[in-house]
Amino acid sequence: MYGEGILKGLGVTLSYLFKKPVTVQYPEEKAPHYPRFRGYEFVWYEDRCTGCASCAKYCPLGTIKIVTNPELQPNVGNKYGLEIFDIDTGRCMFCGLCVEACPYDALFMGSGFERATYTRRSMMVHIDELRLADKQPSAFARPHLHGVEFGERTSLTSPEAGR
Amino acid sequence: MAVSALATGCQPPGFFDGQNLWHEWVVNFFPRIGDSICRGMGGHADGGPPNWLIYLVLGFLGSLIVVNIAALGVPFVVLLERKLLGRFQNRIGPNRVGPFGLLQPVADALKLMTKEDITPAAADKIVFALAPLAFAIPIILMFAPIPWADHASLANLDIGILWVIAVTTAAEAGIFMAGWSSNNKYSLFGAMRAVALLVSYEIPLVLSLLGVVLLAGTLNLSEIVLDQRFAPNILWQPLGFFVFIIAVSAELNRAPFDQLEAESELVSGFHTEYSGMKWAMVQLGEYAALIGFSAIIATLFLSGWKGPLWIPGYIWLVTKMAFILCAFIWVRATIPRMRIDQIMAFGWKFLLPLSIINIFATAAEVIAFPDALPYWLIPINIAFAGACVVGMAKLLGFQPKTRKIVIPGRPVIGDDTPGRIVPLMRGGN
């Protein structure tokens, strides 16, 4: 039939008119991301970290600075207390080698990606920031940790994750 | 003097007497207002103001109303178009400014007013500044003969349709001025395409109108509306409606005929170099033409301000206009842009013969039934229109043919056909 293609196309657009739009209104609502999605931030669990500085050794750019002090936590077995744990994300290339190197699952890549700042100085992530940060670890480099169910994230933060 | 400012100014005594229902007031809103102003000024009595002054005041007020319908309607039509286009494309559309984005026109207007008004150094300055006016003003003139209700047109012109066609055609001069004076080759491309489109589509546009004119026996838009007292003209004139609505969308430079401002190739065609309020004038002209032509389509083919229910005529007209606007937006959201040679071929080979067939068929019907067309002609007319469209498409070969392309080179062993059959697209592969 002549004009069938045009009518079909008109039908397609008309059906879109009554569908829910696919748009996600970004700043107000966020699209769900998968557990292995790797953002631009680090998640650090202080109770698992022993201060071994593997991450700092494996970092190709040397962006991690660790200063340990055994006198800060003298009674917690074979574990150093940390005075400084700074990550210069301005120089970091987010290769994730530090996360792979960590033997105690204390360091993760995070799922957040809203880290735009106005100065280079503020891209330095200090230890207090890492302590207080909203922890949304990504399963990148530790896929076995996010459980059998895809989308389940509890096992990443469970107490037995690191030990 | 054919001008009837806000209907016929002072009505003769007794025209409204004895009917004080609010409903009658609402239905005859525009004539009532005109009558009240006329009486308030003293009417035609001795010692009152001279008649020319009354006509001047009434004409000025009526022009103010109609021009503001055009100028203030445009931002909201733009908003409607953006919203609907968004929904047709599975998006949301503007929703940042105000509730549901309703204040978006205000934000747009403020932005345009505060924008820098740039004139290119190489442009022809005078023509460049005049072109938006030459484009927008004739479009606004088009609103004069549209009947918004019974006895409520700004100018009850006896040559209403001719006036509309004449002023909208004059607006094309503004497009060519804009394209020429910008001193930019893409603007000039857009302007040349505008002129080509105008020449191709003005003829089927006017010829498809003639069917309606033959039925009504007049060019007066108010009379044409009154003539559609049994059924809207779309039922008597399906072929004319088909040709007219396609030719109008070409005349309005809308998709799929928006070759002259094709964003992907010509940036914006003739108004590439415009910014600020000059660009706003161009946009005003385009969308005012959209509003005006939807009013014309409603008037000519959908029985204008007349409706089956006791609802005021202007509300009927605006409702029909809204439907036509939505249909235009729907088509724009669906059909991709045609190539310029396809547009030309479509206009000259397809629409023009159809409109001529329509004239002769309508003339034969009017001669056969001089008083009024019988109702049993409606299905016949619709079937005739469908047969004409399909037959013309068959005659012109608007279907993919096949042709054999011989691929040169060494023949493949076991393959005894040294070519392959590919569908022949219109315009060549």
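Me: By class, how many nonpolar, polar and charged residues are in the lining of the second largest pocket?

Reply: General idea first: rolling a probe the size of a water molecule over the atoms shows where empty space is left. Here we're looking at a predicted model, where local features need pLDDT of at least 70, side-chain atom pairs count only at pLDDT 80 or more, and totals for chains, interfaces and linings use all residues. Residues run from 1 along each chain as written, chains are lettered from A and ligands numbered from 1 in written order, and side-chain values use heavy atoms, without hydrogens or water. As for your pocket, its lining has 24 nonpolar, 7 polar and 11 charged residues (Ala, Val, Leu, Ile, Met, Phe, Trp, Tyr, Cys and Pro count as nonpolar, Asp, Glu, Lys and Arg as charged, the others, Gly among them, as polar).

Me: Which residues lie nearest the centre of that pocket?

Reply: Of the 42 lining residues, look for V78(B), L112(B), W279(B), Q283(B) and Y287(B). The elements giving two or more residues to this lining are α3 (51-88), α4 (104-114) and α12 (276-301) of chain B (helices are DSSP runs of H or I, at least four residues; strands are E, at least two; both are numbered from the N terminus).

Me: Now the interface. How much area do chain B and chain A bury between them?

Reply: About 1500 Å², with 61% of it on carbon and sulfur atoms (the accessible area, 1.4 Å probe, that two parts lose on being put together, summed over both). R87(B), F88(B) and N90(B) supply 40% of what chain B buries against chain A, more than any other three residues.

Me: How many salt bridges cross the interface of chain B and chain A?

Reply: Side chains of opposite charge can pair when their charged atoms come close. The rule finds 1 here (a side-chain nitrogen of Lys or Arg within 4 Å of a carboxyl oxygen of Asp or Glu), while the structure holds 10 over all chains. The crossing pair is E28(A) with R96(B), closest N and O atoms 3.3 Å apart. E28(A) sits in the loop between α1 (4-17) and β1 (42-44) of chain A, and R96(B) in the loop between α3 and α4 of chain B.

Conventions
On a 1 Å grid over the protein atoms alone, a cavity is a set of points where a 1.4 Å probe fits but cannot get out, and a pocket is an open set with protein on both sides within 12 Å along at least five of seven lines; lining residues have an atom within 4 Å of a point.
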